[in-house]
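Biologist: I've got a structure open and I'd like to talk it through with you. Could you take my questions one at a time?

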Amino acid sequence: MTYDRRKSDRPIVPKKLPNKDAAVAATSAEEVEGRGRTKENPRQQNRLRAQHRQGLQHALDRVRAVAARDKQMQFTTLWHHVYNTDRLREAYFSLKRQAAPGTDGVTWQRYGESLEEKLPDLSDRLQRGAYRAKPVKRVYIPKADGRQRPLGIASLEDKLVQRATTEVLSAVYETDFLGFSYGFRPKRNQHMALDALAVGIQTRKVNWVFDADIRGFFDAIDHEWMMKFMEHRIMDKRVRRHIKKWLNAGVLENGVKTQAEEGTPQGASLSPLLGNIYLHYAFDLWVQVWRKRHARGDVIVVRYADDIVAGFQYRSEAERFHRELRERFAKFKLELHPEKTRLIEFGRFAAANRRERGQGKPESFHFLGFVHSCHATRRGRFVVLRQTIKSRMRAKLHSVKQWLRVHLHDPVPEVGAYLRRVVMGHMRYYAVPRNGPALCAFREGLIWLWRRSLRRRSQKTRLTWDRMTRLACRYLPNAKIYHPYPEQRLRVSIQGRSPVR
């Protein structure tokens, strides 16, 4: 900015630059005219980031359209979508902020301190082939049955690049995955799988249910078969090379590195997609052909990750399916869990048929945290009753008990706020129709644990049940059904398409 020599206190404002480009013009106007941004307007960085996100989505839309149009198309150039700096930035912001660090010890906040300097460097290494995958850190979390589940925590850069790779590959494979696959897919969740299973059993001629579970699925994935399956669609050597790097990165446990010859670590961003790809070729396509060629009666299938439930009209077909599925999985280095895989009589006529034979009530099976059993409404209509698995409820109450023991002397409002979050989180998942008694039992269990914790604060406590009831009404929401009936929600979500075919 210059000043008039005759009147030094009066600045001479230059002329405004020509508006050749909208983005350049907007920036030039601010710089030339010296105006500050209005407080109510969003920052320029947020607007540009939204534009970049829209451009990234358009690029994947083109990939998705080609994949849907030609099911035999093999993609040879996809890696440039992954090392795009804007996509890496979006992948970074989609990671969990409070996730535990991997072997590199870098947290989300620490990496973001110099994000704009690190992302171009990471993009350059991915482009040049200088990127090196780090081994995952092995940790264990307790399961509801008392066993330990192994998880692998990847380094932050591995998480970031895997998230970007997953987004790109999903654009291709989401056009191939079949409708009865629900696990770890966009716009699909556990309750959609639960609804599809309940409606399929209630509306089809299902008399036998085959409940299957794959033993240690993520640890049993064969790397050689995994790469062969990916060659059906992905011919970009750089994509396959980096996936092989992650598979062979190994596991670091107690300071000792173990080379991974099979399996993909649970907890990695890419593992759910790789698991779906593996089972898509090892199971989904096979079962789709099997029921068209060999099934005379109705057959329904619902799969969520490695949990598989199939319904059959005839027992002979269910037994044949069991035998041939065991042989099919053995070919791809998979094995059905002998204790968790079983065939039971289940369906609208199961109770009557077993009563005629002098047998007890139909058996139940577990799927996605619920016990599924045969039930009749007051009007005699058959429905699939879904109730919370008791071991899951006990495990959650035990974890709350441990938390209350650690925070024994915390203020009552803080403890009440925590317990409210626990109750709401539990009900958001388990509050399905006809599961009200289990919800009430969980809430009452929390109240009892909280009362015992409060009474242990002092030997001369005066906490009566009336006061405890008032505290519970103030902080803990009442048991309430949040999910609609399966038929209602499924009718809206599938819009005429079969949920089990």
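Modeller: Sure, and keep in mind that this is a predicted model. Let's start with a term: a residue is buried under 20% relative accessible area, exposed over 50%, and partly exposed in between.

Biologist: Okay, so is methionine 235 buried, exposed or partly exposed?

Modeller: You'll find methionine 235 in the loop between helix H10 (223-230) and helix H11 (237-247). Its relative accessible area is 30%. Buried needs under 20% and exposed needs over 50%, so methionine 235 counts as partly exposed.

Biologist: How far is methionine 235 from methionine 73 in space, C-alpha to C-alpha?

Modeller: Along the sequence, 162 residues separate methionine 235 and methionine 73. Leaving aside neighbours within four places in sequence, methionine 235 is in contact with Gln74, Phe75, Thr76 and Arg240. From C-alpha to C-alpha, methionine 235 and methionine 73 are 9.7 Å apart.

Biologist: Now for the inside. Which helix gives the largest share of the largest nonpolar core?

Modeller: That core has 73 residues, and Ile243, Phe283 and Phe321 have the most contacts inside it. Eleven of the core's residues come from a single helix, and that's the largest share: helix H12 (residues 271-293).

Biologist: Which residues does phenylalanine 283 touch, leaving aside its neighbours within four places in sequence?

Modeller: Phenylalanine 283 is among the residues with the most contacts inside the largest core. With those sequence neighbours set aside, its contacts are Phe180, Val301, Arg303, Ile308, Phe321, Leu325 and Phe329.

Biologist: On to helix pairs. Are H7 and H12 roughly parallel or roughly perpendicular?

Modeller: Their axes are 11 Å apart, and the helices pack at an angle of about 25 degrees. The contact is made by Thr166, Leu169, Ser170 and Tyr173 of H7 and Leu273, Ile277 and Tyr281 of H12. Angles under 35 degrees count as roughly parallel, so H7 and H12 are roughly parallel.

Biologist: And how do H4 and H7 lie to each other, roughly parallel or roughly perpendicular?

Modeller: The axes of helix H4 (residues 85-94) and helix H7 (residues 156-173) come within 9 Å and cross at roughly 110 degrees. Angles from 65 to 115 degrees count as roughly perpendicular. That makes H4 and H7 roughly perpendicular.

Biologist: How many charged residues are in the contact of H4 with H7?

Modeller: On the H4 side are Arg87, Leu88, Ala91, Tyr92 and Ser94, and they meet Leu156, Leu160, Arg163, Ala164, Glu167 and Val168 in H7. Sorted by type, this contact has seven nonpolar residues and one polar, and the charged ones number three.

Note on methods: Residues numbered from 1 in each chain as written. Predicted model: local features only at pLDDT ≥ 70, side-chain atom pairs only at ≥ 80, totals over all residues. Heavy atoms only, no water. Core = buried A, V, L, I, M, F, W, Y, C linked by side-chain atoms within 4.5 Å. Buried < 20%, exposed > 50% of the residue type's maximum accessible area, 1.4 Å probe, protein only. Helix = DSSP H or I, 4+ residues; strand = E, 2+ residues; numbered from the N terminus. Contact = heavy atoms within 4.5 Å. Axes fitted to C-alpha atoms, helices over the stretch in contact; angles between N-to-C directions. Parallel < 35°, antiparallel > 145°, perpendicular 65-115°, else oblique. Nonpolar A, V, L, I, M, F, W, Y, C, P; charged D, E, K, R; others polar.
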